[in-house]
Amino acid sequence: MKKVLIALFCLLIGAGAQHVNAQTVNGAAFKFEGGDTYDFGVIKRGPGAEHTFTFTNIGNQPIIVQDVTPSCGCTNVDWSKNPVLPGQKGFVKLTLKTEEQHGIFNKEVYIKSNATNNPHGDKRYTIYIKGDAKDEVPGK
């Protein structure tokens, strides 16, 4: 019986250690709260529409964001300029010029950094905004 309990205890400890290791990535790594796509839904054309992507560095090295570039000139950007230490939060703030949008839109914003978990395997991570810009929005 002791051997069974000891074996079970060892399995539980090993599973717990694997879970902790799965939470930390070697190098710098993004984890965006709410994912890497934001849907504005139906918005009125004219005023700027803002969204701030918040991320946590789930890696074991600081994230250094070198540049943030939108896919078009219709989006202004701001971001965390200082290194984001492991376990800390950073941001990428986007302001979409809605007066330049007509109907459904999908935009990409490229984050150039030292993060190791870029889905495209290059030195940039892509986040997305989308929505539907209309002249009149009922109820708004």
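Q: In which strand is serine 113 found?
A: Let's start with a look at this residue in what is a predicted model. Strand E7 covers residues 103-113, and serine 113 is found in that strand, E7.

Q: Is serine 113 buried or exposed?
A: Contacts are a good place to begin: leaving aside residues up to four places away in sequence, serine 113 touches Phe30, Ile63, Ile64, Val65, Gln66 and Lys123. The relative accessible area of serine 113 is 2%. Buried means under 20%, so serine 113 counts as buried.

Q: Which backbone nitrogen does the side chain of serine 113 reach?
A: Serine 113 sits in strand E7, and its side chain makes a polar contact at 3.1 Å. The atom on the other side of that contact is the backbone nitrogen of alanine 115.

Q: In what order do the four strands of the open sheet stand?
A: Strand E7, home of serine 113, is one of four strands in an open sheet with mixed pairing. The twist from one strand to the next averages 20°. Read across the sheet, the order is E2-E8-E7-E4.

Q: Which are the edge strands?
A: An edge strand here is one that pairs on one side only. In the order E2-E8-E7-E4, that description fits strand E2 (37-44) and strand E4 (65-70).

Q: How many bridges join E4 to strand E7?
A: E4 is an edge strand, and E4 and strand E7 run antiparallel. The number of bridges joining them is five.

Q: Which residue in E7 is the bridge partner of valine 68?
A: Strand E4 spans 65-70 and is joined to strand E7, residues 103-113, in the antiparallel sense. For valine 68, the bridge partner in E7 is isoleucine 111.

Q: How far apart are the C-alpha atoms of tyrosine 38 and tyrosine 128?
A: Tyrosine 38 is found in strand E2 and, at 29% relative accessibility, counts as partly exposed. Not counting residues up to four places away in sequence, tyrosine 38 touches His51, Phe53, Tyr128, Ile129 and Lys130. Tyrosine 38 and tyrosine 128 are 90 residues apart along the chain, yet their C-alpha atoms are separated by 6.3 Å.

Q: Which lysine does glutamate 136 meet in a salt bridge?
A: A search of the whole structure finds six salt bridges, and this one has an N to O distance of 3.9 Å. The glutamate is exposed, with 62% relative accessible area. Its partner, at 38% relative accessibility, is partly exposed; that partner is lysine 44.

Q: How many residues apart in sequence are the parts that glutamate 136 and lysine 44 tie together?
A: The two side chains meet in a salt bridge. Glutamate 136 lies in the segment after strand E8 (124-134) and lysine 44 lies in strand E2, so their pairing ties together parts whose separation in sequence is 92 residues.

Q: In which strands do glutamate 50 and lysine 93 lie?
A: These two side chains form another salt bridge, at 3.8 Å from N to O. Lysine 93 is partly exposed, with 30% relative accessible area. The pair ties together parts that are 43 residues apart in sequence, because glutamate 50 and lysine 93 lie in strand E3 and strand E6, respectively.

Q: In what sense do E3 and E6 pair?
A: E3 covers residues 48-57 and E6 covers residues 89-97. The two are joined over nine bridges, and in E6 the bridge partner of threonine 56 is lysine 89. E3 and E6 pair in a sense that is antiparallel.

Q: Which residue in E3 stands opposite lysine 31?
A: Strand E1 (residues 30-32) and E3 run antiparallel, with three bridges joining them. Opposite lysine 31, in E3, stands threonine 56.

Q: How far apart are the closest N and O atoms of lysine 134 and aspartate 132?
A: Lysine 134 is partly exposed at 35% relative accessible area, whereas aspartate 132 counts as buried at 17%. The two form a salt bridge, and the closest N and O atoms are apart by 3.6 Å.

Q: Which cysteine is joined to cysteine 72 by a disulfide?
A: The structure holds one disulfide, with an S to S distance of 2.1 Å. Cysteine 72 is partly exposed, with 22% relative accessible area. The partner counts as buried at 4% relative accessibility; its name is cysteine 74.

Q: Is the disulfide of cysteine 72 and cysteine 74 left-handed or right-handed?
A: A disulfide is a covalent bond between the sulfur atoms of two cysteines. The torsion about the S-S bond of cysteine 72 and cysteine 74 is about -45°, so this disulfide is left-handed.

Methods:
Residues are numbered from 1 along each chain as its sequence is written. This is a predicted model: local features need pLDDT of at least 70, side-chain atom pairs count only at pLDDT 80 or more; totals for chains, interfaces and linings use all residues. Side-chain values use heavy atoms; hydrogens and water are left out. Two strands pair if DSSP finds at least two bridges between them. Axes are lines fitted to C-alpha atoms, for helices over the stretch in contact, and angles run from 0 to 180 degrees between N-to-C directions. A salt bridge is a side-chain nitrogen of Lys or Arg within 4 Å of a carboxyl oxygen of Asp or Glu. Buried means under 20% relative accessible area, exposed over 50%, partly exposed in between (1.4 Å probe, protein chains only). A disulfide is a pair of cysteine sulfur atoms within 2.5 Å. Contact means heavy atoms within 4.5 Å. A polar contact is a pair of N or O atoms within 3.5 Å; within protein, one must be able to donate a hydrogen and the other to accept it, and residues adjacent in sequence count only if both atoms are side-chain atoms.
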